[in-house]
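The following exercises concern one protein model. Study the sequence and the structure, then work through each solution in order.

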Amino acid sequence: MNGTQTLSRALDILFALSEESGTLTVSEIAQKVSIPESTTYRFLQTLEQNGIIERRGKNQIGLGLRILDLARSLNMQFQRDLLPLALPIMEELTEKVQETSILFVRTGNNAVCIQNVKSRGLIQFSIDNGRILPLHMGASGKCILAFESAKVTERILQLLSSDKEREGLIAELATIREQNYSITKGEVDPDVYAIAAPITDGQGPVIASLAVAGPSFRCNNEQDKTNIEAVTKAAAELSRRMGGGN
């Protein structure tokens with residue numbers, strides 16, 4: 001096995017572990033990455049020596065603290081790359097639609113606001129950077145969830161309390177994928193509407209969502225069309241600058 005194949009197998013193991021909320025046994029890892037248990041065990045030994053994975057209980061393997069530190073560093077770097085590109089686009093979007101623009105990314109089962117540009121209107125939607133919302137509630141979170149992996153989606157569906165809720169969310173996510181935007185009214189706050197569109201970088205799933213939000217009384221069919229067009233165009237431009245479009 002050459003160096004490239006070795007790296008690929010090690011990454012497969014890490015991805016398998018990252019998709020689990022808990023731990024896996026050596027046998028389960030071997031099955032997921034389709035390599036013999038003896039080979040898997042050797043990879044795990046090397047990864048454990050470097051703090052990338054750790055043993056938790058009898059034959060249970062999970063991600064180690066070092067990989068979590070690396071993930072946090074990568075996330076901070078990603079946000080540093082995204083925010084300077086997003087801010088001027090958000091400022092222009094807010095100026096155009098006269099509503100607050102917001103940028104959300106996924107963290108686990110939640111969506112977190114990492115940037116906002118407030119409307120200058122006397123009555124406006126206000127949100128703080130760092131605000132966390134469930135991924136399955138609100139336009140911003142749903143717009144990310146709609147394009148996430150099946151494993152992430154299934155994990156979120158399991159959090160819902162009834163089959164009716166799960167079926168409703170599945171149908172809504174399909175609609176979002178089809179139209180490439182999400183709109184919610186009074187879902188997180190009864191007096192607020194939001195319209196969100198996905199941000200991509202051409203490397204994988206959606207990396208963020210860009211939205212505008214404002215008081216529900218300013219929401220009507222004609223204004224929705226204008227705002228949807230503005231949000232989707234702004235999201236497409238940010239995606240292009242991030243490498244996800246032409």
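**Exercise 1.** Determine how the lining of the second largest pocket divides into nonpolar, polar and charged residues, and describe where this lining comes from.

*Solution.* The model is predicted.
Step 1. Sorting the lining residues of the second largest pocket by class gives twelve nonpolar, six polar and three charged.
Step 2. The space in the second largest pocket is about 250 Å³.
Step 3. The lining comprises 21 residues, and those closest to the centre of the pocket are Phe-125, Leu-133, Val-188, Val-192 and Ala-194.
Step 4. Two or more lining residues come from each of strand 3 (100–107), helix 5 (139–145) and strand 7 (192–199).

**Exercise 2.** Establish whether Cys-143 and Cys-219 are buried or exposed, and state how many disulfides the structure contains.

*Solution.*
Step 1. A residue counts as buried when its relative accessible area is under 20%.
Step 2. Cys-143 has a relative accessible area of 0%, so this residue is buried.
Step 3. Cys-219 has a value of 16%, and therefore Cys-219 is buried too.
Step 4. A search of the whole structure for disulfides returns zero.

**Exercise 3.** Describe the protein as a whole: its secondary structure, its burial, its contacts and its exposed area.

*Solution.*
Step 1. The secondary structure consists of eight helices and eight strands.
Step 2. The protein has 246 residues, of which 43% are buried.
Step 3. Among contacts with a separation of 6 or more, 55% join residues 24 or more positions apart.
Step 4. The exposed area is about 13400 Å², and 51% of this area is supplied by carbon and sulfur atoms.

Notes. Residues numbered from 1 in each chain as written. Predicted model: local features only at pLDDT ≥ 70, side-chain atom pairs only at ≥ 80, totals over all residues. Heavy atoms only, no water. Helix = DSSP H or I, 4+ residues; strand = E, 2+ residues; numbered from the N terminus. Buried < 20%, exposed > 50% of the residue type's maximum accessible area, 1.4 Å probe, protein only. Contact = heavy atoms within 4.5 Å. Areas by Shrake-Rupley, 256 points an atom, 1.4 Å probe, with all protein chains shown as cover. Disulfide = S-S within 2.5 Å. 1 Å grid on protein atoms, 1.4 Å probe; cavity = no way out; pocket = protein on both sides within 12 Å on 5 of 7 lines; lining within 4 Å. Points joined across faces, edges and corners; volume = space filled by probe spheres on them. Nonpolar A, V, L, I, M, F, W, Y, C, P; charged D, E, K, R; others polar.
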